[in-house]
Amino acid sequence: MSASWLFSTPCSKLNHHLRRRNHRLSFSSAFLFSGTGKQMVTTSSASSSSNRGAFTTLKERVTFEKEIKKSKFIAIAGHISDEGSAQSFLFEVRDPRATHNCWAYKVGEQYRTNDDGEPSGTAGKPIQSAIASSGLDRIMVVVIRHFGGIKLGTGGLVRAYGGVAAECLRNAPTCLIKSKVPIGLEVPFELLGVLYHQLQSFQAEDIKQDYDTGKDGVTMVTFKADFDRVQGLEEAIKANCSRDIVFYKR
């Protein structure tokens, strides 16, 4: 790790900015999904590293439908960003008239599954396996089943739920998303023009200023940059502004 990545403890004002703007995954034990099905499994836990780097996700909502032994299976998959959007997605697509609305989702290292009345491990888990095999992140798949009168058995259910979920994701349009790193720095007024030029060159976003730094002639500038542009941006700012500038990151 280069010296440019070493930084001191942020001041309280910067910490306030970054805490307010850096959203972390938080999964409550009172998760409302528990009321939508008879079985829910929580597996793994979100780590801070799951929000860093780049990931591939679904570009748009996709649907796949298949009839298996007179039961109609409808898989609906879409992009989610966190627990709240997963909950909203489920409430939007679930069919209260269906026999089962089974689902799984993945956000970083966090995923949840629900068999919604099917035998334990025969629906949510196969859907989750299909998500894992796809290599996609921040997605949810809901598989709706309208029972057709013929029981499929444990193995048949696993193949049915996992199969339609996999087919739904196989040819779905995807996109690459680069995570943003919140950054802040204190800069003298006379260097603002040079700094903004570098921020624009590296396509920084959500640029804000705060003049209430307690220091004469100095402003706090906060922004977000793609994770893979951060080091280059730091080096460019230090080369064109001042090597004494301290960067604060979360």
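This report describes the helices, strands and some single residues of one protein chain in a predicted model.

Residues are numbered from 1 along each chain as its sequence is written, and side-chain values use heavy atoms, with hydrogens and water left out. Because the model is predicted, local features need pLDDT of at least 70 and side-chain atom pairs count only at pLDDT 80 or more, while totals for chains, interfaces and linings use all residues.

## The chain as a whole

The protein chain holds six helices and 12 strands. Helices (H or I, at least four residues) and strands (E, at least two) are DSSP runs, numbered from the N terminus. Of its 250 residues, 47% count as buried. Buried means under 20% relative accessible area, exposed means over 50%, and partly exposed lies in between (1.4 Å probe, protein chains only). Contact means heavy atoms within 4.5 Å. Among contacts in the protein chain with a separation of 6 or more, 76% come from residues 24 or more positions apart.

## The hairpin of E5 and E6

Two strands pair if DSSP finds at least two bridges between them. Strand E5 (residues 100-107) is joined to strand E6 by five bridges, and the two run antiparallel. One of the bridges links Val107 to Gln110 of E6. Two residues lie between the strands of this hairpin, where Gly108 has a positive phi near 65 degrees.

Strand E6 (residues 110-114) is mostly covered, as five of its five residues are buried. Which residues point one way from E6, and which the other way? Gln110, Arg112 and Asn114 point one way, while Tyr111 and Thr113 point the other way. This fits a general pattern: in a regular strand the side chains alternate between the two faces of the sheet.

## Helices H3 and H4

Helix H3 (residues 124-134) packs with helix H4 (residues 153-170) at an angle of about 30 degrees, and their axes are 8 Å apart. Axes are lines fitted to C-alpha atoms, for helices over the stretch in contact, and angles run from 0 to 180 degrees between N-to-C directions. On the H3 side, the contact is made by Pro126, Ile127, Ala130, Ile131 and Ser134; on the H4 side, by Val158, Tyr161, Gly162, Ala165, Ala166 and Leu169. These residues divide into nine nonpolar, two polar and no charged. Here Ala, Val, Leu, Ile, Met, Phe, Trp, Tyr, Cys and Pro count as nonpolar, Asp, Glu, Lys and Arg as charged, and the others, Gly among them, as polar.

## The open sheet and its helices

Four strands form an open sheet in the order E10-E11-E9-E12, with antiparallel pairing. E10 and strand E12 (247-249) are the edge strands, each pairing on one side only. From one strand to the next, the twist averages 20 degrees. Four bridges join E10 and E11, and one of the bridges links Gln209 to Val221 of E11.

Helix H5 lies across E9, E10 and E11, and runs at about 5 degrees to E11. Helix H6 also packs on the sheet, touching E9, E11 and E12, and its direction makes about 160 degrees with that of E12.

The buried residues of H5 (residues 192-201) are Leu192, Leu195, Gln198 and Leu199. They lie on the same side of H5, because they cover an arc of only 125 degrees around the axis; the arc is that of the directions from the helix axis to the C-beta atoms. These buried residues pack against strand E9 (180-188), strand E10 (205-210), strand E11 (218-226) and helix H6 (230-240). Gly193 and Gln200 are exposed on the face turned away from the buried side. After H5 comes Gln203, whose phi is positive, near 55 degrees.

Val187 is placed in strand E9. Apart from residues up to four places away in sequence, Val187 touches Leu192, Leu195, Gly217, Val218, Thr219, Val221 and Ile245. Val187 and Cys241 are 54 residues apart along the chain, and their C-alpha atoms are separated by 8.7 Å.

## Two loop residues with positive phi

The table sets out two residues that have a positive phi and are not glycine.

| Residue | Phi | Loop | Relative accessibility |
|---|---|---|---|
| Lys70 | near 70 degrees | between E3 (62-68) and E4 (71-79) | 57%, exposed |
| Asp116 | about 45 degrees | between E6 and H3 | 6%, buried |
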